[in-house]
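Hi,

Here is the structure I promised to pass on to you. Have a look through it first, and my notes on what turned up follow below.

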Amino acid sequence: MPLNPKVKAMLEEMVASKTPGLTSLPPPESRRMARTMFAQMAPSEPVGSVVDRAIPGPGGSIPIRIYRPALTQPLPILVFLHGGGFVIGDLETHDAVCRALTNRAQCVTLSVDYRLAPEHPAPAAGDDCYAATNWAYDNAKSLGVDPKRLAVGGDSAGGNLAAVVTLMGRD
C-alpha cells in the first residue's frame, strides 16, 4: 500500500530539516510537535456542532470534546480515546479524526482528553477513560444519544484504552 502523499511529504521534510524524533524530546516538546504534525496531515471537515467541556473525573476534571453531526434524532455515541503512546496526543491532535468519524458514522463522538504519562502514570489514563464512558452513558438523555448504542474505540494507545474500559465495564 502506498504511503499517503501528505505523510510522505511531511516525513521527507522532517528528514531534510533534521527534526528530532518525538521520542528524543521531553514530553511537553513532543506534544507540541505532535500537534503541529497532526494539524498538517489531515484537513478539518465541518460537522453539525462541536462543544468543549469538562466532566468530573477521578483525578479532577477531564476535558472532553463533543462532535455532533447535522442530525437531530437520538444517535449512537462513540467514546473516542486518542492515541499517542499514552504520552502525546490530545483533543487537538485527533480533531480531524473525530470529525471524520462523526460524519462517516453519523454518530455523536465524545473525545476524551485523559491524563498523560509520565506525569500521570497508569492507571490514570484508564481511570479517566472509564469515568468518561460512564459519564456518557449516565448523561445520554441530555446528550441526545441512545445509551444502548454506545461504543468505545480509539487508535493506537487509545485502542488499548478502549479494551481496558471494556474490561473494567465487564468487571
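**What I found**

In the protein chain, among contacts between residues at least 6 apart in sequence, 70% join residues at least 24 apart. Please keep in mind as you read that this is a predicted model.

Let me start with the overall layout. The protein chain has six helices and five strands. Starting at the N terminus, the order of these elements is α-α-β-β-β-α-β-α-α-β-α.

Next, the dimensions. Along the principal axes, the C-alpha atoms of the protein chain fill a box of roughly 50 × 35 × 30 Å. The radius of gyration is 17 Å, which agrees with the value near 16 Å that a compact globule of 171 residues would have. Of those 171 residues, 36% are buried.

On the outside, the accessible surface of the protein chain comes to about 9200 Å², and carbon and sulfur atoms account for 60% of that area. As for charges, the protein chain carries 16 positive and 16 negative ones, and their mean positions lie 5 Å apart.

You may well want to know about the cysteines. How many disulfides does a search of the whole structure find? The search comes back with zero. Cys98 is in no disulfide, and the nearest cysteine sulfur to its own belongs to Cys107, 9.4 Å away. A disulfide needs two cysteine sulfur atoms within 2.5 Å. Cys129 has its closest cysteine sulfur in Cys98, but the distance is 12 Å, so the two are too far apart for a bond.

Are Cys98 and Cys129 buried or exposed? Cys98 has a relative accessible area of 0%, so this residue is buried. Cys129 counts as buried too, because its relative accessibility is 0%.

Cys98 also leads to another residue that I looked at, Ser111, since the two appear in one contact list. Where does Ser111 sit? It belongs to strand β4, which covers residues 108-112. With a relative accessibility of 0%, Ser111 counts as buried, because the cut-off for that is under 20%. Leaving aside neighbours within four places in sequence, Ser111 is in contact with Pro63, Ile64, Arg65, Tyr67, Phe80, Leu91 and Cys98.

If you open the model, Ser111 and its contacts with residues including Tyr67 and Cys98 could be a good place to begin looking.

Best wishes

Technical notes
Residues are numbered from 1 along each chain as its sequence is written. This is a predicted model: local features need pLDDT of at least 70, side-chain atom pairs count only at pLDDT 80 or more; totals for chains, interfaces and linings use all residues. Side-chain values use heavy atoms; hydrogens and water are left out. Buried means under 20% relative accessible area, exposed over 50%, partly exposed in between (1.4 Å probe, protein chains only). Helices (H or I, at least four residues) and strands (E, at least two) are DSSP runs, numbered from the N terminus. The radius of gyration is taken over C-alpha atoms; the globule rule is 2.2 Å times the number of residues to the power 0.38. Contact means heavy atoms within 4.5 Å. Accessible areas come from the Shrake-Rupley method with a 1.4 Å probe; for residues, only the protein chains shown count as cover. Lys and Arg count as positive and Asp and Glu as negative; His and the chain ends are not counted. The place of a charge is taken as NZ of Lys, CZ of Arg, CG of Asp or CD of Glu.
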